[in-house]
Each structure stands twice: as structure tokens, then as C-alpha cells.
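Please work through the exercises below with the sequence and the model open beside you. Each task is followed by a solution that goes step by step.

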Amino acid sequence: MLPKRGAEAELRRTTYLGREAVEKSRVPKGYRLPALDEALRKARIRTEARLIGEARAAGVSVPILYDIDLVENKLVMEFIEGPTAKAVLEAGGRKADDVCGMIGEAVARLHGADIVHGDLTTSNMILRGGRLVLIDFSLGERTSSVESKGVDLRLLKEALTSAHARGPEHFEAVARAYRRRYAGAAEVLAKAKEIEERGRYT
Ligand SMILES: Nc1ncnc2c1ncn2[C@@H]1O[C@H](COP(=O)(O)OP(=O)(O)O)[C@@H](O)[C@H]1O
Ligand SMILES: [Mg+2]
């Protein structure tokens with residue numbers, strides 16, 4: 001079982017200059033040394049803000065960032081209205097196949113720009129209109145590491161196969177789109193498989 005990710009942030013609906021928005025804040029964790037906790041929360045917020053910008057520049061749909069507050073450790077971003085990829089995959093049918101293609105394309109663009117998302121679950125993807133919007137970059141990083149990209153795909157495969165009956169098929173569809181859009185795809189997919197096998201025997 002992979003460790004549970006995320007879940008450290010608090011989200012609430014708000015408005016920003018009259019627009020529907022979401023405020024994502026990082027609340028103090030009592031079990032951490034205060035200075036360390038503060039540094040970690042700030043780093044997460046900064047990382048998320050920076051990567052949202054970099055992902056956008058790489059052609060991936062992401063929320064518009066409205067505000068960043070490093071005193072209160074929070075971000076205010078555009079509210080993305082729509083079902084999560086998880087919901088679309090559960091409903092199945094043609095839309096589910098389309099979403100797999102969109103997931104593969106988005107991850108290809110990220111990895112092509114050396115951005116690793118860090119938490120590629122189907123709850124961190126929202127389908128708005130005909131576009132897949134990626135959220136939750138707080139565990140991401142900028143890296144050209146094939147290993148890190150492989151971990152990203154491995155996580156996505158785990159998320160698909162643990163939550164959806166047709167998970168393996170879905171992952172195959174994701175991988176097809178990923179290969180089409182990213183020149184380094186074969187190497188990363190091989191690495192993801194290696195990581196999966198490593199996990200099975202340890
Ligand atoms: N910009 C947004 N628009 C709409 N819903 C959002 C947005 N950001 C977060 N959410 C919702 O809140 C949930 C948790 O936010 P997320 O950024 O994934 O934080 P966590 O680190 O706790 O996983 C998401 O799975 C999604 O349902
Ligand atoms: Mg999340």
C-alpha cells in the first residue's frame with residue numbers, strides 16, 4: 001500500500017474580487033517542531049504556486065492563482081467547477097476513455113517540461129467542459145529524473161487500479177496518450193514497471 005498523500009491542507013470556498021475561488025491553507029501541525037513546521041508549510045505553498053505557473057507554461061490546464069499569502073500560508077485560486085476524473089472513470093463509457101487520453105496528454109506535457117506532479121490521483125484532476133484541469137501540486141518538484149517521473153506514473157497506475165474496476169485498461173489508455181506526446185515516455189514507463197516489480201518483492 002502506498003502511503004496516504006495530501007490531506008494536510010484545509011480547503012474552503014470563497015470569492016476573490018467577486019469570482020468563485022478556493023482558499024487552500026496549511027494549518028500548523030502540533031506534532032512537529034514549530035520552526036520546522038512553519039518552514040515546511042511555507043515551502044509547500046511556494047512549491048505549489050511556482051509549479052502551477054510552470055505547468056501552465058507547459059500547456060497544462062491549471063487553476064488561475066489569485067493570491068499567495070506567506071504570512072498565513074495560504075493560496076487563493078480559481079474554483080474549478082466539474083467532476084473529478086475519479087467520478088468520470090467510475091461512470092465509465094466514452095467519457096472515461098476520453099479522460100484517460102487527457103490524463104496521458106497532461107502528464108506527458110508535465111514530464112516533458114521536467115515537472116513531476118507528486119500526487120497523481122484521479123481526485124487531483126477535474127474535468128471542466130472538455131478540458132482536464134490538474135490541481136494539487138504541493139508535493140511536486142522540478143526535475144529531469146527518470147526515477148521521479150517513474151514514481152509519478154507508478155502512483156497514477158496504483159490510483160487507477162485501486163479505485164477503478166477497469167483500472168489496468170485505463171492505465172493502458174493513459175500510457176498510449178503519454179507515449180504519443182512525450183519523447184522520453186518509453187524510458188519512464190519502463191522505470192515505472194521496474195519500480196512496481198521492486199515493490200512486489202520487497
Ligand atoms: N481549485 C479548485 N477547484 C475546485 N476544487 C478544488 C480546487 N482545489 C482543490 N479542490 C478540491 O479540494 C480537494 C483537496 O484539495 P487538494 O489541493 O487536492 O489538497 P490536498 O493536499 O488536501 O489533497 C480536491 O481533491 C478537490 O476536490
Ligand atoms: Mg489532493
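The exercises that follow concern a predicted model, and they go from the domains to single helices, hairpins and residues.

**Exercise 1. The two domains**

Work out how the protein is divided, and describe the side of domain 1 that touches domain 2.

Solution. Begin with the bounds: the protein is divided into domain 1, residues 9-78, and domain 2, residues 85-200. Next take the C-alpha centres of domain 1 and domain 2, which lie 23 Å apart. Then count contacts across the boundary, where 14 residues of domain 1 are in contact with 15 residues of domain 2. On the side of domain 1 that touches domain 2, helix 1 (residues 34-57) gives the most, with seven residues. Sorted by class, that side of domain 1 has eight nonpolar, three polar and three charged residues.

**Exercise 2. Helix 1**

Compare the length of helix 1 with the expected span, then list its buried residues and what covers them.

Solution. Helix 1 has 24 residues, and from its first C-alpha to its last it reaches 35 Å, which is close to the 34 Å expected at 1.5 Å a residue. The buried residues of helix 1 are Arg41, Arg44, Ile45, Glu48, Leu51, Ile52 and Ala55. As for their cover, it includes strand 2, strand 3 (65-69), strand 4 (74-78), helix 3, strand 5 (115-116) and strand 7 (131-134). Finally, look just past the helix: Gly59 follows helix 1 and has a positive phi, near 90°.

**Exercise 3. Ile45 and Asn73**

Decide from the C-beta neighbours whether Ile45 is buried or exposed, and do likewise for Asn73.

Solution. Ile45 lies in helix 1. A residue counts as buried if 20 or more other C-beta atoms lie within 10 Å of its own; Ile45 has 22 such neighbours and is therefore buried. Leaving aside neighbours within four places in sequence, Ile45 is in contact with Arg26, Ile68, Leu70, Asn73, Lys74 and Leu75. The C-alpha atoms of Ile45 and Lys24 are 8.9 Å apart in space, although the two residues are 21 residues apart in sequence.

One of the contacts of Ile45 is Asn73, which is found in the loop between strand 3 and strand 4. Asn73 has 21 C-beta neighbours inside 10 Å and so counts as buried. Its phi is near 55°, a positive value in a residue other than glycine.

**Exercise 4. The hairpin of strand 1 and strand 2**

Establish how strand 1 pairs with strand 2, and find out how many residues of strand 1 are buried.

Solution. Strand 1 (residues 9-16) and strand 2 (residues 19-26) pair in the antiparallel sense over eight bridges, and Leu11 stands opposite Lys24 in strand 2. The two strands form a hairpin with two residues between them, and in the turn Leu17 has a positive phi of about 50°. Now turn to burial: of the eight residues of strand 1, the number buried is zero, so strand 1 lies largely in the open.

Thr14, placed in strand 1, is partly exposed, with 13 other C-beta atoms within 10 Å. Not counting residues up to four places away in sequence, Thr14 touches Ala21, Val22, Glu23 and Val76. Thr14 and Met77 are 63 residues apart in sequence, yet their C-alpha atoms are 9.4 Å apart in space.

**Exercise 5. Helix 5**

Check the span of helix 5 and determine where its buried residues fall around the axis.

Solution. At 1.5 Å a residue, the 15 residues of helix 5 (residues 167-181) should span 21 Å, and its end C-alpha atoms are indeed 21 Å apart, which agrees. In this helix, His170, Phe171, Val174, Ala175 and Tyr178 are buried. Seen down the axis of helix 5, the buried residues fall within an arc of 140°, so they line one face of the helix. Their cover includes helix 2 (85-91), helix 3 (93-112), helix 4 (146-163) and helix 6 (185-200).

**Exercise 6. Strand 6, strand 7 and the loop beyond**

Locate the positive phi values in the hairpin of strand 6 and strand 7 and at Asp136.

Solution. Strand 6 (residues 125-128) and strand 7 pair in the antiparallel sense over four bridges, with Arg128 opposite Arg131 in strand 7. Their hairpin has two residues between the strands, and there Gly129 takes a positive phi near 60°. Asp136, in the loop between strand 7 and strand 8 (141-142), has a positive phi of about 65° although it is not a glycine. With 23 C-beta neighbours inside 10 Å, Asp136 counts as buried.

Notes:
Residues are numbered from 1 along each chain as its sequence is written. Chains are lettered from A and ligands numbered from 1 in the order in which they are written. This is a predicted model: local features need pLDDT of at least 70, side-chain atom pairs count only at pLDDT 80 or more; totals for chains, interfaces and linings use all residues. The expected span of a helix is 1.5 Å times one less than its number of residues. A residue is buried if 20 or more other C-beta atoms lie within 10 Å of its own, exposed if 12 or fewer, and partly exposed in between; C-beta atoms are placed from the backbone. The arc is that of the directions from the helix axis to the C-beta atoms. Two residues are in contact if their C-beta atoms, placed from the backbone, lie within 7 Å. Two strands pair if DSSP finds at least two bridges between them. Domain bounds come from an automatic or database domain assignment. Ala, Val, Leu, Ile, Met, Phe, Trp, Tyr, Cys and Pro count as nonpolar, Asp, Glu, Lys and Arg as charged, and the others, Gly among them, as polar.
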